[in-house]
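Colleague: I would like to learn how to read a structure. Please take me through one, term by term.

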Amino acid sequence: MTPYDVIVIGGGAAGMMAAITAKRRRASVLVCEKMPKLGKKLLITGAGRCNLLNETLDPSFYNSGGQVLVASVLGQFGKDAMLQFFKELGLAVYADETGRIFPVTNQAASVLKVLEMELERLKIVVDLGCEIQSVRPVKNGFEVRARSGEAETGRKIILCAGGKSYPALGADGNGYTLAAAFGHKILEPVPSTVALVVKDPWCHALQGQKVRVSVTSGIQGKEIRTATGELLFTQYGLSGTAILDVSDEISVAVASREPQDLRQRGRGVLPDSQWHAAHDGLVHLESGTRRRHLRSGLGEREGLGHLAAFRSMKRWSR
Ligand SMILES: Cc1cc2nc3c(=O)[nH]c(=O)nc-3n(C[C@H](O)[C@H](O)[C@H](O)COP(=O)(O)OP(=O)(O)OC[C@H]3O[C@@H](n4cnc5c(N)ncnc54)[C@H](O)[C@@H]3O)c2cc1C
């Protein structure tokens, strides 16, 4: 059996892009996707609209320890290259007022469709329902073995099995196991870009309200990160782009403590958060005092004077 030049494990956004790129460079390519369809997770991105990229792409926007790697990737395939890539596939896009770029259809399905059409045009072999369980080095390449017992060999393997953010859509973290089998060191993953659960019921009272704010996160009295964007009150806590942007360090801090420890320290996870309303007076939490008010646009409500932002955060959610 002739080995493939490239076997791509995972048919999400990354796997499809990798397969298309390899095939355009004349490699023979096999994509193994464990779900019955490609790009299941891609369909839910950007609340179903798929936020493809941003008008201002810069490595500093990535909350990653690997800034050099990010810069290298964006240097090779940055905003213009990506826009050109999708333009050639026939996808029309637009930027919203904050610079986020979406397909004009506002449907993530359009992004998936053009990628699938390109896979088809390039006659890339796609094996659906094929969950790779092991990869082992063999002469001149690697053998990948599926749960069904079937095996294929490839000269190169591209592992695009995603993270563990959405098991129901395939992203269940098994890619880490495959990577570890190769001797890669896996840092314990923690949720990132997540909404925050707040114990106090005041968020519930404001459920559905959305405001534009600057949020500063703090951990044990130290200011960590400030982000400007939307803050959305939800049934369980706080969400919106500003909250998602400041959630990473909080998630790491929460994950690194024992549950008992967490409860004690959780009270002070964000003791000095300052929220400044973009629209004057819409939301105002006074830092350093015991008086915290929520005013004007939302109205002053009974009990809101006791807003204790994040004070009782006890866990995080996806
Ligand atoms: C709610 C939500 C909204 C998001 N919105 C955006 C957004 O608007 N814009 C954005 O850029 N990003 C967004 N993201 C992040 C987005 O999901 C990623 O950018 C993108 O999906 C990552 O693609 P991926 O191919 O790396 O992983 P995935 O999309 O997770 O694809 C991995 C694929 O590998 C398959 N797989 C896993 N293990 C195996 C195996 N052993 N064998 C075979 N196949 C396997 C899985 O079934 C899956 O199809 C969002 C994420 C979430 C959770």
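**The ligand, the core and two elements**

Modeller: Around the ligand there are 30 residues, and the closest are Gly10, Gly12, Gly46, Gly162 and Gly170. A residue is near a molecule if its C-beta atom, placed from the backbone, lies within 6 Å of it. This is a predicted model: local features need pLDDT of at least 70, side-chain atom pairs count only at pLDDT 80 or more, and totals for chains, interfaces and linings use all residues. Residues are numbered from 1 along each chain as its sequence is written.

Colleague: How do the residues of the shell around the ligand divide into nonpolar, polar and charged?

Modeller: Ala, Val, Leu, Ile, Met, Phe, Trp, Tyr, Cys and Pro count as nonpolar, Asp, Glu, Lys and Arg as charged, and the others, Gly among them, as polar. The shell here has 13 nonpolar, 12 polar and five charged residues.

Colleague: Which helix gives the most to the shell around the ligand?

Modeller: Helices (H or I, at least four residues) and strands (E, at least two) are DSSP runs, numbered from the N terminus. The chain has eight helices and 15 strands. Helix 1 gives the most to the shell, three residues. At least two shell residues each come from helix 1 (13–24), strand 2 (29–33) and helix 5 (174–181).

Colleague: Is Ile20 buried or exposed?

Modeller: A residue is buried if 20 or more other C-beta atoms lie within 10 Å of its own, exposed if 12 or fewer, and partly exposed in between; the C-beta atoms are placed from the backbone. Ile20, in helix 1, counts as buried because it has 21 C-beta neighbours inside 10 Å. In the whole chain of 318 residues, 26% are buried.

Colleague: Which residues does Ile20 touch, not counting those up to four places away in sequence?

Modeller: Two residues are in contact if their C-beta atoms, placed from the backbone, lie within 7 Å. On that count Ile20 touches Glu118, Leu119 and Leu122. Two of these, Glu118 and Leu119, are buried residues of helix 4. Helix 1 is in turn among the elements covering the buried residues of helix 4, together with strand 5 and strand 6 (125–128).

Colleague: Which residues touch the most other members of the largest nonpolar core?

Modeller: In soluble globular proteins, nonpolar side chains tend to be buried together. A nonpolar core is a set of buried Ala, Val, Leu, Ile, Met, Phe, Trp, Tyr and Cys residues joined through C-beta atoms within 7 Å. The largest one has 34 residues, and Ile7, Val8, Ile9, Ala19, Val29 and Cys32 touch the most other members. Its largest share, six residues, comes from helix 1. A second, separate core of 16 residues includes Val215, Ala242, Ile250 and Val254.

Colleague: How many residues of strand 2 are buried?

Modeller: Five of its five residues are buried. Val29, Val31 and Glu33 lie on one side of strand 2, with Leu30 and Cys32 on the other, and both faces are covered.

Colleague: In which sense do strand 1 and strand 2 pair?

Modeller: Two strands pair if DSSP finds at least two bridges between them. Strand 1 and strand 2 have four bridges and run in the parallel sense. Ile7 stands opposite Leu30 in strand 2.
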